[in-house]
Amino acid sequence: MAITLLSHEVSDLCIGKPPLRCLSAVTATVADAIAALKSSDDPFLSVWSCNHDETNDDDDNKKCDCECLGKICMADVICYLSKFDNKVLSLSSAFNASVSVLLPKCRSIVVHVQSSCKLAKAIDLITGGAQNLIVPIQTKRGQHKVPTRNAVVSLTTTTTHKNSRQFCWITQEDIIRFFLGSISVFSPLTSMSISELGVINSTRAFLAVDYYSSAASAITAISLAIANNISVLVVDGGCDVVEYPRIALIGEILPMTLACCDETAAAAVATLSAGELVTYIEGSGPLESHVRVVRNRLEEKGMVGLISLVDSLSGSSLSDEESPTGRTKSYGRSVSRAARMARKSVAIVCNRESSLMAVMIQAIAHRVSYVWVVDEDGCFIGMVTFVDILKLFRVFLDD
């Protein structure tokens with residue numbers, strides 16, 4: 001059974017997956033990316049560079065001239081826009097910039113593989129640092145490809161792949177979910193504690209920000225968190241990177257939470273403290289009183305561009321009577337219910353004695369790829385990630 005699992009192809013994990021929404025790195029702008037993200041149920045978009053001759057034959061064994069350069073989400077947009085004010089560069093110039101400015105510096109987080117790639121190889125790529133594996137969608141010869149909502153962004157900003165080929169991507173979560181379907185193979189590992197299995201990662205440096213420091217000072221950390229598929233810890237008396245134990249966790253800035261916001265959250269990042277930002281972005285939207293605080297601070301700092309951005313999307317909501325929930329009506333964007341589950345500020349934690357199965361289910365339920373490990377006093381010990389779990393499963397299956 002173990003050999004059978006590893007001999008599966010990544011195409012087995014692609015069944016039912018929608019084609020990626022693709023933006024052109026050449027023609028698409030930041031404004032195009034915002035419009036596409038707002039119209040999508042998927043929090044991420046892929047950015048591509050396509051340079052090919054449409055007359056060439058399409059064959060898995062031939063070099064594909066369509067390359068995915070990376071993925072972007074609204075959190076990337078928010079971090080980018082929050083850096084601008086009228087003293088440096090007009091916000092309109094920021095919107096007209098190429099979408100490539102939103103891409104992470106590291107290109108290795110997305111890796112192209114063939115649909116025939118074995119699951120064992122896919123796991124090795126994921127544990128080696130890849131976040132997403134780009135896989136061509138297989139269709140029967142002569143079968144008509146029906147465009148889906150996810151397949152079309154805009155006629156002016158989307159990119160066309162060779163012979164209209166479509167792609168999907170495989171994530172760490174996809175592989176974990178696939179293994180859950182045959183979880184008995186991994187007995188007794190799944191019933192053992194994470195401490196017994198030695199999967200608590202306490203040696204790496206973790207991104208963190210002090211509760212009272214400015215959210216703007218955490219922009220670099222948030223960008224790194226997006227690239228590494230983790231979050232930024234909000235701690236009491238923390239530093240840029242957590243390297244020592246016995247640090248109390250207050251909450252976390254989760255990139256997926258920011259990805260559920262709209263671009264006006266850039267104003268919150270530019271003006272609030274890290275602790276205030278955590279409160280601002282959680283739930284179904286910020287309290288109207290928090291929005292007023294943000295606008296007042298923008299005026300104090302003379303950030304005219306961000307003021308106009310907030311006003312243009314908020315409309316008259318600030319002057320209207322508050323809603324029964326006290327939250328703004330225009331805030332946020334249309335994302336899937338599963339993505340909105342991530343909109344909370346309480347850090348996702350477990351303890352040393354939590355079973356591996358419990359940690360896996362906990363991470364999947366919250367749509368994250370990690371769980372923080374704390375002691376009985378709520379102090380930070382380390383974390384367990386999907387990568388750590390996949391490494392463990394890989395060794396177990398090999399043995």
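**View 1. Helix α12 spans the length expected of its residues.** Helix α12 covers residues 288-301, 14 residues in total. At 1.5 Å a residue, α12 should span 20 Å, and its end C-alpha atoms are 20 Å apart, which agrees. The expected span is 1.5 Å times one less than the number of residues. Helices here are DSSP runs of H or I with at least four residues; strands are E runs of at least two, and both are numbered from the N terminus. The model is predicted: local features need pLDDT of at least 70, side-chain atom pairs count only at pLDDT 80 or more, and totals for chains, interfaces and linings use all residues. Residues are numbered from 1 along each chain as its sequence is written, and side-chain values use heavy atoms, leaving out hydrogens and water.

**View 2. The buried side of α12.** E288, V291, V294, R295 and L298 are buried (under 20% relative accessible area, 1.4 Å probe, protein chains only). They cover an arc of only 115° around the axis, which puts them on the same side of α12. The arc is taken from the directions from the helix axis to the C-beta atoms. After α12 comes G302, with a positive phi near 70°.

**View 3. An open three-stranded sheet.** The order is β11-β12-β13, with mixed pairing. Strands β11 (349-350) and β13 (380-385) are the edges, each pairing on one side only. Pairing requires at least two DSSP bridges between two strands. β11 and β12 (residues 370-374) run parallel, joined by two bridges. C350 stands opposite V373 in β12.

How values were computed
Buried < 20%, exposed > 50% of the residue type's maximum accessible area, 1.4 Å probe, protein only.
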